[in-house]
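Got a minute to go through some structure labels together? Let's take them one by one and see what stands behind each.

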Protein chains: 2
Amino acid sequence: MSNDILLRNLRPFGADATDMLIRDGRIARIAPGLPAEDGLPEEDCGGAILLPGLVEAHTHLDKTLWGMGWREHQAGPALRDKIDTERRLRREWDIEPHRQSMRQALLSLGHGSTAIRSHVDVDTEVGLAGIEGVAATRAALADQVDIEIVAFPQSGLMSRPGTLELLDEALRGPADVVGGLDPCGIDADPKGQLDAVFALAEKHGKPIDIHLHEPGELGAFSMEMIIERTRAHAMQGKVTISHAFCLGMPDRDRARALVGELADAQIHVATVATPSRPVPLAEDLRAAGVVLCAGSDGIRDTWGPYGNGDMLERAMLLGLRNNLRADRDVEHALWCCSWGGARVMELDGYGIEEGCRADLVLVEAESVTHAVAARPARKLVLKAGRVVARDGRALREAP
Amino acid sequence: MSNDILLRNLRPFGADATDMLIRDGRIARIAPGLPAEDGLPEEDCGGAILLPGLVEAHTHLDKTLWGMGWREHQAGPALRDKIDTERRLRREWDIEPHRQSMRQALLSLGHGSTAIRSHVDVDTEVGLAGIEGVAATRAALADQVDIEIVAFPQSGLMSRPGTLELLDEALRGPADVVGGLDPCGIDADPKGQLDAVFALAEKHGKPIDIHLHEPGELGAFSMEMIIERTRAHAMQGKVTISHAFCLGMPDRDRARALVGELADAQIHVATVATPSRPVPLAEDLRAAGVVLCAGSDGIRDTWGPYGNGDMLERAMLLGLRNNLRADRDVEHALWCCSWGGARVMELDGYGIEEGCRADLVLVEAESVTHAVAARPARKLVLKAGRVVARDGRALREAP
């Protein structure tokens, strides 16, 4: 009975108020005036809007400095500066992956994210310590939040011998997804890196999620190689490209043609809605039928001071970045931060209909767009029907 | 004595903890361990960071729908759609300027803005009703927040006969600043509009603030006409260009040359840090010595659903838009949202040194950058030494 609960007076995605019965962690019935039952706990939701559990589809749980005290930013502007500074500070500051990922996961949970895809660094210095730390967090929070681990060669794959073997080991172990990173910009070996990534995916039967910061034609070149391999390995629906800044190139016709190819190969895109960089346009992807999901990227880490893990705020940033103003368009931004992420993570039974898993968020707002614009503290968060957060905070204490 | 207070244990701009004595609404002394005095109220600030009162340097107090219940967005994407839809809904929905500007001003005050520059619509339909409504708010909140009124021809100046006379009347009355708007894009008469605006400014001895959304070379053309007239009328230091999207043009050399001309003519720039449009780069302006201030623009109005009047959040958006990560750069973003606005509004005695007006904000954070990234509720806001807001809310109730 512990995952059974009767939620009263909630408004699914802003619709009329109703009640919701949850049994065995799933939504059993949605109807107004459901009868009380002996021993069945009830919660009055006060007319709050019900959303499905939000999905943090691109972040780095192992890197956050959350709870470690404020530290001055040290990295220079280049991508390489950030990568090298991070490796140094990881040692100097003891950014311990298990403790830090616990902190960030519980922070996100307080904001209503019930599923997280985290890239986790694998390199010849840290080895699998990051993967193991996040895996320990996943085990500790198994009844609170779904965590998917991407084995991520942040410091390079082909350019740092030994990393490929570590990725292979991570994928035999706790890692769920094969990561990659700027095959031209970081590794200067696009064929080498992408062949290796797709070979690992085939060997382990696991999906792929590749960071692609490369802008303009360079990014388009790498993207075309990813598309080609996705088809050759019959991995349609199993590949995500994160950032995909090249899709924000000024040549909109070229970008739309690439989006068409992504749609055809059923490749997903993950975005942070970075305001300072060209980004994939939500409207183009939606029109073509490409699934767009969203994430916080790094939260308060050696890369930068921003971020709080609030996916309603990310929906707002996605709306601002894409100039979405009409309510239906802002609702699509929220779709990316929920259903979009669920599609990419292939979450089973995701949604707010009868039969779905009861991963739910309640937020006091007049409409869905209002919730995105105002981002009020989440009133209640449930994971498989169990209350895991209230008033913006996870019930479980972070270490 | 009512504006005398002893603030204990505060950290000016994140420096070491100290005390601050305020007498007659000004900062009289800053030193640790100041002696208590009979009858002098004290406030323990608990080590909070002290900032000068934030400055909302570009908004539209008369337009917000705050407190009117959520209303679905209706306007189409073009600037003209937004202007025409707004005029229609102003009538249909009774967007009453005094009530609405009271609501927004107190919202902003709760977030620590002690000075606001508001553009207020003047057109042949609304006449001076908007100006009068905001002027009534200014009078009602005279001891809470400084409000500067820009007489703003939102629906066009030359293209809507009768508007010029209304602007003239507004400037004889409560308006402080002459407004303008896209002299090409809206009026299709750049010479006519700009000559009229500068003539009004000269006649009334008042500064100018012109909305310039025009992108690329069109905006550069209008900007050059503004620069030329600023010099001809000897209005250096008295002219602000809001938005200035043309400075975000891809041709960075051309944009920097324009910035150089702005610096030479001592013209200021106001930005919203719009994530979906090219914007002036904070770094370019800073390097050239052009004052950049920032604002929320419209807050939850017929133009769009976003905004909350929080200038710490605006500093964050400015940081994200300009890719500012180092602490000193994020601090500059906050400078734009405080000192920058104060320069543009020519606020007397602004700052957090002895002798300055005690317009102050206290926020619990570990550092200034932390305050920008996390945007905690403002602990305390003082206007001329008087406590006007606590814990994120103005003490005075909004209508």
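Q: Before we start on helix angles, what are the axes, and between which directions do the angles run?
A: Axes are lines fitted to C-alpha atoms, for helices over the stretch in contact, and the angles run from 0 to 180 degrees between N-to-C directions. Keep in mind that this is a predicted model.

Q: What makes α2(A) oblique to α3(A)?
A: The axes of helix α2 (residues 97-110) and helix α3 (residues 129-140), both of chain A, come within 8 Å and cross at roughly 45 degrees. Under 35 degrees would count as roughly parallel, and 65 to 115 as roughly perpendicular. A crossing of roughly 45 degrees fits neither range, so α2(A) is oblique to α3(A). As for handedness, α2(A) passes α3(A) in a right-handed crossing.

Q: Which residues make that contact?
A: On the α2(A) side they are Pro97(A), His98(A), Ser101(A), Met102(A) and Ala105(A). From α3(A) come several more, including Gly130(A), Gly133(A), Val134(A) and Thr137(A). Sorted by class, the contact has 7 nonpolar, 5 polar and no charged residues.

Q: Why do β5 and β12 of chain A count as standing at the edges of their sheet?
A: The sheet is open, with 8 strands in the order β5-β6-β7-β8-β9-β10-β11-β12 (chain A) and parallel pairing. β5 (54-59) and β12 (292-294) each have a single partner strand, so one side of each has no neighbour in the sheet. On average, neighbouring strands here are turned by 25 degrees against each other, direction ignored.

Q: How do you know that β10 and β11 of chain A pair?
A: Pairing takes at least two bridges. Strand β10 (residues 239-243) and strand β11 (residues 268-271) of chain A are joined by 3 bridges and run parallel, so they pair. Within this pair, Thr240(A) stands opposite His268(A) in β11(A). α2(A) also packs on the sheet, touching β5, β6 (113-121) and β7 (146-152) of chain A.

Q: Why is Ala384(A) called partly exposed?
A: Buried means under 20% and exposed means over 50%. Ala384(A) has 23% relative accessibility, so it falls in between. Ala384(A) sits in the loop between β14 (380-383) and β15 (386-390) of chain A, and its phi is near 45 degrees, a positive value.

Q: And what makes Ala273(B) buried?
A: Its relative accessible area is 2%, which is under 20%, so Ala273(B) counts as buried. Ala273(B) lies in the loop between β11 (268-271) and α8 (282-288) of chain B.

Q: What is the phi of Ala273(B)?
A: Ala273(B) has a positive phi of about 60 degrees, although it is not a glycine. Most residues other than glycine have a negative phi.

Notes: Residues are numbered from 1 along each chain as its sequence is written. Chains are lettered from A and ligands numbered from 1 in the order in which they are written. This is a predicted model: local features need pLDDT of at least 70, side-chain atom pairs count only at pLDDT 80 or more; totals for chains, interfaces and linings use all residues. Side-chain values use heavy atoms; hydrogens and water are left out. Helices (H or I, at least four residues) and strands (E, at least two) are DSSP runs, numbered from the N terminus. Angles under 35 degrees count as roughly parallel, over 145 as roughly antiparallel, 65 to 115 as roughly perpendicular and the rest as oblique. A crossing is left-handed if the near helix is turned anticlockwise from the far one by less than a right angle, and right-handed if clockwise. Contact means heavy atoms within 4.5 Å. Ala, Val, Leu, Ile, Met, Phe, Trp, Tyr, Cys and Pro count as nonpolar, Asp, Glu, Lys and Arg as charged, and the others, Gly among them, as polar. Buried means under 20% relative accessible area, exposed over 50%, partly exposed in between (1.4 Å probe, protein chains only).
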